[in-house]
Amino acid sequence: MLLSRLAYYIFRMTEETIRDITILPGRNRKGIEEAFDEIHIRPGDTLSIVGPTGSGKSAFINDIEIFANRDTVTGRQILVNGKLPPERYVRDPAAKPVALITQNTRCLCDLSVSDFLRMHLLSRGYMKESCIQETINLANQFTGEPITAHVRMTSLSGGQTRSLMVADAILISNTPIILLDEVENAGIFKEKVIEVLRQHHKALLFVTHDPLVSLLSDRRIVMQDGAVSKVIEPDGAEEHAIRQMLHMDGIIGRMREMIRAGELITTPVPGSW
Ligand SMILES: Nc1ncnc2c1ncn2[C@@H]1O[C@H](COP(=O)(O)OP(=O)(O)OP(=O)(O)O)[C@@H](O)[C@H]1O
């Protein structure tokens with residue numbers, strides 16, 4: 001155990017810190033080159049990937065997840081700290097600095113939540129028992145249905161599973177880049193997720209159809225016909241829209257809870273301001 005822990009720390013210490021991910025342009029579905037020079041993603045950045053269905057949003061984050069090297073349908077290339085990433089980022093799951101969480105994240109592992117997290121900690125080569133409960137506590141900040149350590153992974157709901165995966169990506173995998181593919185309708189508190197990921201200085205990319213998630217991001221990458229058509233950086237210009245959206249989201253959230261609780265809604269429901 002000591003040896004594996006030591007090996008893990010030596011491995012982590014010799015690893016280069018990720019300061020910058022660069023996306024170099026590829027081609028759209030018609031083979032026309034994308035109209036941007038480079039997109040840079042740095043720790044603490046929040047980006048949303050928006051656009052109509054089929055416009056290439058998932059393909060965009062998949063390129064990042066697999067460190068595309070002009071070898072995917074889009075022809076994009078991903079650099080880490082300005083150079084081609086080391087082979088182990090692509091081949092070794094324990095070395096991969098990117099965690100991708102999708103709507104369809106399902107766990108088929110017949111273990112309790114604590115045994116699953118313990119197994120993951122061990123496979124990462126280090127074991128700090130307190131990290132298991134910390135991960136569960138963090139996941140419980142993202143979901144309305146609390147997760148307990150002894151429940152089986154297979155009996156978690158979709159929202160609980162995704163909350164646990166996000167918490168695991170932050171505390172156990174500890175990846176600097178987290179990609180979330182349309183998780184907003186999946187029973188997790190999206191504002192809380194954004195807040196915690198910012199606190200942990202993670203780079204966060206959301207594929208999203210949710211206006212609030214898009215407005216809360218620092219940048220919006222707009223996709224069209226398989227290509228990036230625009231990169232928008234509102235830089236405070238959308239404050240009014242954010243307040244309006246938070247207000248509406250508050251109303252929708254309250255109504256959802258009342259409906260779930262079996263209540264009859266006969267008077268106007270207040271927003272958050
Ligand atoms: N630049 C491209 N060149 C060729 N094919 C592409 C390109 N970008 C995306 N595609 C293909 O187009 C299809 C739709 O793309 P994708 O699933 O990424 O869209 P999406 O915006 O995520 O859609 P949805 O909102 O419905 O999930 C996929 O089969 C994908 O491989």
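In what order do the three strands of the open sheet sit, and is their pairing parallel or antiparallel?

## The open sheet

The order is β2-β1-β4, and the strands pair in the antiparallel sense. Keep in mind that this is a predicted model. At the edges you'll find β2 (39-41) and β4 (77-80), each pairing on one side only. Ignoring direction, neighbouring strands in this sheet are turned by 20 degrees against each other on average.

Now zoom in on one pair. Strand β1, residues 21-24, is joined to β4 by four bridges, again antiparallel. If you want a spot to look at, find T22, which stands opposite L79 in β4. As a reminder, strands of a sheet pair through backbone hydrogen bonds, either parallel or antiparallel.

## A parallel pair

For the parallel version, go to strand β5 (residues 98-102). Five bridges join β5 to strand β6, residues 177-181, and the two run parallel. Here the pair to pick out is I101 and, opposite in β6, L180.

How much of β5 is buried? Four of its five residues are, so the strand is largely enclosed by the rest of the structure.

## Helix α2 and what follows

Helix α2 covers residues 57-65, and its buried residues are K57, A59, F60, I61, D63 and I64. So the buried list includes a lysine and an aspartate, K57 and D63, alongside residues such as F60 and I61. It helps to recall that an α-helix has 3.6 residues a turn, so residues three or four places apart point the same way.

After α2 comes F67, which has a positive phi, near 50 degrees.

## Two domains

The protein splits into domain 1 (2-235) and domain 2 (236-273). Their C-alpha centres lie 28 Å apart. Where the domains meet, six residues of domain 1 are in contact with eight residues of domain 2. On the domain 1 side, the residues touching domain 2 are five nonpolar and one charged, with no polar ones.

## D249 in helix α9

One residue to look up is D249, which lies in helix α9 (residues 239-260). Is D249 buried or partly exposed? D249 has 19 C-beta neighbours inside 10 Å, and a residue needs 20 or more to be called buried. That is why D249 counts as partly exposed.

For a sense of distance, compare D249 with A68: they are 181 residues apart along the chain, and their C-alpha atoms are separated by 36 Å.

Definitions and conventions. Residues numbered from 1 in each chain as written. Predicted model: local features only at pLDDT ≥ 70, side-chain atom pairs only at ≥ 80, totals over all residues. Domains from an automatic or database assignment. Contact = placed C-beta atoms within 7 Å. Nonpolar A, V, L, I, M, F, W, Y, C, P; charged D, E, K, R; others polar. Buried ≥ 20, exposed ≤ 12 C-beta atoms within 10 Å, placed from the backbone. Pairing = 2+ DSSP bridges. Axes fitted to C-alpha atoms, helices over the stretch in contact; angles between N-to-C directions.
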